[in-house]
Amino acid sequence: MTTLPDELDLLLLPRWIVPVVPRGLVLEQHALAVHQGRIVALLPVEQTADLKVRERRDLPDHLLIPGLVNAHGHAAMSLFRGLADDLPLMTWLTDHIWPAEGRWVNADFVRLGTQLAIAEMLRGGTTCFSDMYFYPDVAAAAATEAGIRAQLAFPVIDNPIPGARDSAEAIAKGLKLHDETRHNPLISVAFGPHAPYTVSDETLTRVRTLADELDLPIHMHIHETAFEVDEAVRLSGQRPLQRLQQLGLLSPRLQAVHVTQVNDDDLKLLSDYGVQVIHCPESNMKLASGAMPVQQLLDAKVNVALGTDGAASNNDLDMLGEMRSAALLAKLTAGDPTALDAHAALHMATLAGAQALGLSDEIGSLEVGKAADLAAIDLSALAQQPVYQPVSQLLYTCNAAQVSDVWVAGRPKLRAGKLCSVDTGPMLQQANELATRIRKGDTHES
């Protein structure tokens, strides 16, 4: 047995452990040891009797998995949850969301909305999220305070946005955030050009040049709808991915979000350049944006991660629910019930997300040396019985309500279903007070 510290910080003894690596492995009668925020051992239970530990947790009905990675969202948009439902994407954006953002979004809005989203995500087993929204410095502070990992993709749009008069100011503030957080182990920073149709060639070229110099990711909505692609072809004769290739943006650092429209040429570009693709099935279905051909991408060796998108278009941040939606939609789209099986879906929500965000050396699987970002799921309830295959049960019967415990870097964030250091009462009161004012000003209600 590997030499362990004289006294461990934490020893977890769940019924099942799914380390994600190697794929398909389910361990029973095993324990996971944590010390100084890192996984130091996965070992048979019989080898733990003599270990000295500060805290020993028996989880007899639980499945232990890596913390979930929500690879795309707009956290503060939790404050717009349900504002304008059952509408097409561009109507939703131009008639409701963009006007509401212009009127209501400021630093205080982002702080409150991000805090609300973080509480929801931790409650559902998410330990790392990618956020693409205004005032990213405020979101970074909220994530640091809560002790959750976050990639902040600072938005870059040619038009004025909350917190930046133009793309040049947005980039300058984003680079400042990168400098300020470079030693923060929980925070990473990415460029966030909104979409090909909102950012010029000149701005995209500058983003690419800076991203190359700093080795930073680029997070971008790409091929979200057929209308977007058709308009690009009508105006320029090129599909957006072709344009991005010519501008030099296609690379493993590009995080392409949505990608519902994929022809053979698109698939080859994504595969040849090693682009990271992020799937948001529930938002895409709700807005009727299209269905990503997930299995086709996976068969082409494209890394596909999973995200919820924002709560304004989902309407929750439940990654377990998103996993189930992804699996069912993949089967329907492929016409194949074997597409995106349970272990593949869990991989998409954990290690694939970590890879997409450039964090796979640190998180995404339960391996010795990695950060102890963990989620325990209680499979003892009526709806989970009987348990033949715990990962299938996780995928097809569970949602955020079954998550009982969460740790980030070995620190408890959720214990027995209760958030450890977040008081949701005041934030919920503030959110509801703000919602009353927002509702009165929204055209959807008038």
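Trainee: Quick one first. What does buried mean here?
Mentor: Buried means under 20% relative accessible area. Keep that cut-off in mind. This model is predicted.

Trainee: Okay, then Val20. Buried or exposed?
Mentor: Val20 is buried, because its relative accessibility is 6% and the cut-off is under 20%.

Trainee: Where does Val20 lie?
Mentor: In the loop between strands E1 and E2.

Trainee: And what is the phi of Val20?
Mentor: About 75°, so to speak on the positive side, in a residue that is not a glycine. Most residues other than glycine have a negative phi.

Trainee: Which peptide bond is cis around Pro22?
Mentor: The one from Val21 to Pro22, with omega near 0°. Pro22 is in the loop between strand E1 (8–17) and strand E2 (27–28). Most peptide bonds are trans.

Trainee: What about Asn314 and Asn315, cis or trans?
Mentor: Cis. Omega is about 20° for the bond that joins Asn314 and Asn315. Asn315 sits in the loop between strand E13 (304–306) and helix H11 (319–334).

Trainee: Back to phi. Is Leu340 positive or negative?
Mentor: Positive. Leu340 is not a glycine, and its phi is near 45°. You'll find Leu340 in the loop between H11 and H12.

Trainee: Why does Leu340 count as buried?
Mentor: Because its relative accessibility is 2%. Under 20% is the mark for buried.

Trainee: New topic: Thr350. Where is that one?
Mentor: In the loop between helix H12 (342–349) and helix H13 (351–356). Thr350 is at 0% relative accessibility, so it counts as buried.

Trainee: Which residues is Thr350 in contact with, leaving aside its neighbours within four places in sequence?
Mentor: Val20, Pro66, Gly67, Leu68, Val69 and Gly364. You've met Val20 already: it lies in the loop between E1 and E2.

Trainee: Leu68 and Val69, what strand is that?
Mentor: Look at strand E6, residues 68–70. E6 runs parallel to E7, and three bridges join them. In that pairing, Asn70 stands opposite Phe129 in E7.

Trainee: Which strand pairs with E7 over four bridges?
Mentor: Strand E8, residues 149–156, again in the parallel sense. Phe129 has a bridge partner there as well, Ala150. Find Phe129 on screen and trace both pairings, to Asn70 and to Ala150.

Trainee: How many residues of E7 are buried?
Mentor: Six of its six, across residues 126–131.

Trainee: Now the holes. How many cavities of 30 Å³ or more are there?
Mentor: Two. The largest holds about 60 Å³ of space.

Trainee: Which residues line the largest cavity?
Mentor: Among them are Asn70, Phe129, Ser130, Asp131, His74 and Thr308. So you see the pair from E6 and E7 there again: Asn70 stands opposite Phe129. E7 gives the largest share of that lining, three residues. By class, the lining has four nonpolar, six polar and two charged residues.

Trainee: What lines the second largest cavity?
Mentor: Val20, Pro22, Arg23, Gly24, His343, Leu346 and His347. That brings back Val20 with its positive phi and Pro22 with its cis bond. About 30 Å³ of space lies inside. The lining has three nonpolar, three polar and one charged residues.

Trainee: And the largest pocket? What is its volume?
Mentor: About 510 Å³. The lining has 29 residues, and Leu93, Trp98, Glu101, Phe134 and His194 are the closest to the centre.

Trainee: Which helix gives the largest share of that pocket's lining?
Mentor: Helix H1, residues 89–104, with seven residues. The lining divides into 17 nonpolar, nine polar and three charged.

Trainee: Last thing. Where is confidence lowest, and where is it highest?
Mentor: Lowest in H1, at a mean pLDDT of 89, and highest in E6, at 99. The chain's mean is 96, and 98% of its residues reach 70 or more.

Trainee: What should I not do where pLDDT is low?
Mentor: Don't read the predicted coordinates in detail there.

Definitions and conventions. Residues numbered from 1 in each chain as written. Predicted model: local features only at pLDDT ≥ 70, side-chain atom pairs only at ≥ 80, totals over all residues. Heavy atoms only, no water. Helix = DSSP H or I, 4+ residues; strand = E, 2+ residues; numbered from the N terminus. Buried < 20%, exposed > 50% of the residue type's maximum accessible area, 1.4 Å probe, protein only. Contact = heavy atoms within 4.5 Å. 1 Å grid on protein atoms, 1.4 Å probe; cavity = no way out; pocket = protein on both sides within 12 Å on 5 of 7 lines; lining within 4 Å. Points joined across faces, edges and corners; volume = space filled by probe spheres on them. Nonpolar A, V, L, I, M, F, W, Y, C, P; charged D, E, K, R; others polar. Pairing = 2+ DSSP bridges. pLDDT = per-residue confidence, 0-100.
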